Amino acid sequence: MPLDVTKFKLPQQIEEYRKAVAEFVLSDLEPIANQIENTVKVPKEMWPKLQQSGLLRLTMPKEYGGFGLTYSQYFPILEEVAKTHGTIRLIVHTWNWLYYYQFLKYGSAEQKKLLPKIASGDHMVAWALTEPDTGTGLDLKMTAKRDGDSLVINGKKHLISLAMVADTFIIFAKTDPSAGRRGFSSLAIPKGAKGFTVIPQPDTMGLRGDPHGVVAILDFKNCRVPASTLIGPEGSGLDQALETLDVSRLSIGVTCLGLSQRFLDLSVHYAQRRTTFGKTLAERQAVQQMIADMATDVHALRLMTTDATLKVDRGLPCRKEAAMCKLFGIETVRKASDKALEIHGGLGFTRVFPIERMYRDARGPWLEEGTPTIQRSVIAREVLKS
Ligand SMILES: Cc1cc2nc3c(=O)[nH]c(=O)nc-3n(C[C@H](O)[C@H](O)[C@H](O)COP(=O)(O)OP(=O)(O)OC[C@H]3O[C@@H](n4cnc5c(N)ncnc54)[C@H](O)[C@@H]3O)c2cc1C
């Protein structure tokens, strides 16, 4: 059944929209999720469904064709989307922040023209920080050297989502290697720039589906671009990356919440129906303990993400809280996925239930926006600052 966000008078009916999205996930997106898993390809009908449902323009400000939802309004919707295929969730998550934030806050008038096209889903963006031979942050090797009104880019990025379909690539490179954190800049490179090639990488454990689920290498060899491709002032790249990652990490926490809630719901449903030795699993104390632990973690994660979301909506700093939500979120979903598998027994290991796919997809958030170690470093740095 088509879902059209324009039928909901926001924000009053936002809760109705969330419920409609929850139904849409099961009626329209789950069949697509199964198709992706069976064929390892994203079917053509997925994209118009995402565009028409409004899921790609929920947080974009109204002046650029979005619905201007606050994060308190948007995250309950992301939580519903996170219950289906990881690739679909990744698209909704990236579209509602990662792929537009820098253009909105730092972009030139020309770059801002992309915003309505991103909101409508007609322009695809990839966001590229990770490199094959270095760590992220100050360790980056990619360079963008000034040559008059041009910049010449050399280096590689890898593991970049949506690179196979993107029209514009937001990249981070050193414009002045001697200037420390002020030596980083961010650029928006158009697909097909001379000296820039995109090379697909091998299939992934989860978040699958060619071409949207394929991660890729971005290879720049003396790629000359105009200085107008810089996003914001030269030297502000690291600040832009960190600001973008704050909300993005919180989105990963919300993703883990949606996945964990679904692992819990599926486990409760199964435990109430499966009978062994004359009793349902739900009647067994051992299974009840697992359900209780899952429900407790989900509740704690919900409170943590709600608290951090209110900070974002008020424009308050949330670097530490966002990293905590992501760290606690991936641990919650890890435990929930293990317990759900245990409760489902052998059938959980088959494709009879979505548990098998969700178990693999749930490992994606471990890496997106930085590993647990990196989250701990961010949290420790913030705590030790005070
Ligand atoms: C499906 C998928 C999609 C992705 N999409 C994108 C994308 O769109 N854009 C993008 O930029 N990146 C993307 N990535 C990359 C992802 O962000 C990185 O894989 C992740 O941040 C980890 O970095 P790495 O792979 O370089 O691991 P490494 O940095 O090599 O880390 C390996 C291990 O060593 C630890 N480690 C590393 N450095 C230190 C240190 N200094 N101290 C202690 N421990 C350390 C790490 O915690 C980790 O456990 C994607 C990855 C995947 C799997």
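This passage walks through the domains, the ligand shell, a helix pair and two backbone details of a predicted model.

The domain assignment splits the protein chain into domain 1 (5–120), domain 2 (125–235) and domain 3 (238–385). Between domain 1 and domain 3, the C-alpha centres are 21 Å apart, and 20 residues of domain 1 make contact with 20 residues of domain 3. On the side of domain 1 that touches domain 3, at least two residues each are supplied by α1 (14–39), α3 (71–81), α4 (86–98) and α5 (101–106). The largest share of that side comes from α3, with six residues. By character, the residues on the side of domain 1 that touches domain 3 divide into nine nonpolar, six polar and five charged.

Turning to the ligand, 18 residues are found around it, and those that come nearest are L129, T130, S161, T371 and T373. Two or more residues of the shell are given by each of β1 (125–128), β3 (150–160), α12 (364–367) and α13 (372–385). The shell is made up of nine nonpolar, eight polar and one charged residue. Because domain 2 (125–235) and domain 3 (238–385) both give residues to this shell, the ligand lies between them.

A helix pair comes next. Two packed helices are described by the angle between their axes and the distance between the axes. For helix α9 (residues 285–313) and helix α10 (residues 319–348), the axes come within 10 Å and cross at roughly 160 degrees. An angle over 145 degrees counts as roughly antiparallel, and α9 and α10 are therefore roughly antiparallel to each other. Their crossing is left-handed. Residues of α9 in the contact include V287, M290, M294, V298, L301 and M304, along with the charged D293, D297, D307 and K311. From α10 come, among them, A322, M324, C325, F328, A336 and I343, as well as the charged E321, K335, K339 and E342. Taken together, the residues of this contact divide into 13 nonpolar, three polar and eight charged.

Two backbone details round off the picture. Most residues other than glycine have a negative phi, and most peptide bonds are trans. V40, in the loop between α1 and α2 (46–53), has a positive phi near 55 degrees although this residue is not glycine. The peptide bond from D210 to P211, in turn, is cis, with omega near -5 degrees. P211 sits in the loop that links β6 (196–200) and β7 (216–226).

Definitions and conventions:
Residues numbered from 1 in each chain as written. Predicted model: local features only at pLDDT ≥ 70, side-chain atom pairs only at ≥ 80, totals over all residues. Axes fitted to C-alpha atoms, helices over the stretch in contact; angles between N-to-C directions. Helix = DSSP H or I, 4+ residues; strand = E, 2+ residues; numbered from the N terminus. Parallel < 35°, antiparallel > 145°, perpendicular 65-115°, else oblique. Left-handed = near helix turned anticlockwise from the far one by under 90°. Contact = placed C-beta atoms within 7 Å. Near = placed C-beta within 6 Å. Domains from an automatic or database assignment.
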